[in-house]
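Open the model in your viewer and keep the selection tool at hand. This tour goes from one selection to the next and says what is there.

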Amino acid sequence: MTAAARVLELLVERGETLAVAESLTGGLVAAELTSVPGASQSFRGSVTAYATPLKRDVLGVDGALLAERGAVDPEVARQMAAGVRRVLGADWGMATTGVAGPDPQDGKAVGTVYVAVAGPDGVENMARLRLNGGRADIRRESVRSVLELLSAELGKNARAQDTEQNGGN
């Protein structure tokens, strides 16, 4: 089972929805999710905020943060995930931002990527990746990584719900 199929299966089991904010991946996360039959049961949509002003104007990322640190930043990834969750009315949001190359951006090296998830009850998680390879490799690994991050979060969350439902045992 692919990471996308696993994420969608977990979301359907929970009756929850997902929205995606993408920068360097340019729609690849959404494409991976929608390649799974039945994705529409939980996938609400995506925003490809490739241009930095869109991160601010559409997703609500703090403009001062973007001006100070640039778009390739862990806090930007976190705010993108929270923003797409809010804007598209989803239970979960996830985001990718980074440098796929061929040149550095905002003083960040090629292969510097941040992926983040935001969910119900203030759940947030972010990972910093240092990826090698060409542009296509970096983008593909970014997709895999953000899906794995959400899958792990959903799995963790499911175990906590299971424990609660079974009297804490």
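Buried means under 20% relative accessible area, exposed means over 50%, and partly exposed lies in between. Keep these cut-offs in mind, and remember that the model is predicted.

**Stop one: helix 6**

Select residues 135-165 to show helix 6. Now pick D137 and R140 within this helix. Their side chains meet in a salt bridge, 2.7 Å from N to O. Why can these two be linked by one helical turn? R140 and D137 sit 3 residues apart in helix 6, so about one helical turn separates them.

Is D137 buried, exposed or partly exposed? Its relative accessibility is 38%, so D137 counts as partly exposed. R140 has a relative accessible area of 52%, so R140 is exposed.

Stay in helix 6 and select E153 and K156. These two also form a salt bridge. Their closest N and O atoms are 3.4 Å apart. Again the spacing is 3 residues, or about one helical turn. Color the pair by accessibility. E153 is buried, at 7% relative accessibility. K156 is partly exposed, with a relative accessible area of 44%.

**Stop two: a network**

Next, select E75, R78 and E124. Salt bridges with shared partners join E75, R78 and E124 into one network.

**Stop three: a buried pair**

Move to R14 and E16. What links them? A salt bridge does, with the closest N and O atoms 2.7 Å apart. Check how much of each residue is accessible. For E16 the relative accessible area is 12%, so E16 is buried. R14 is buried too, at 18%.

Side chains of opposite charge can pair when their charged atoms come close. How many salt bridges does a search of the whole structure find? The search finds 9.

**Stop four: a nonpolar patch**

Leave the charged residues and show the surface. Select L54, V58 and V87. Together they form a nonpolar patch on the surface. Their accessible area adds up to about 200 Å².

Now zoom in on L54. Which helix holds it? L54 lies in helix 3, which covers residues 52-57. L54 has a relative accessible area of 36%, so it is partly exposed.

**Last look**

Show helix 6 once more, with both of its pairs: D137 with R140, and E153 with K156. Then add the surface patch of L54, V58 and V87.

Note on methods. Residues numbered from 1 in each chain as written. Predicted model: local features only at pLDDT ≥ 70, side-chain atom pairs only at ≥ 80, totals over all residues. Heavy atoms only, no water. Patch = residues over 30% accessible without salt bridge, like charges linked within 9 Å, V, L, I, M, F, W, Y side chains within 5 Å. Areas by Shrake-Rupley, 256 points an atom, 1.4 Å probe, with all protein chains shown as cover. Salt bridge = Lys/Arg side-chain N within 4 Å of Asp/Glu carboxyl O. Helix = DSSP H or I, 4+ residues; strand = E, 2+ residues; numbered from the N terminus. Buried < 20%, exposed > 50% of the residue type's maximum accessible area, 1.4 Å probe, protein only.
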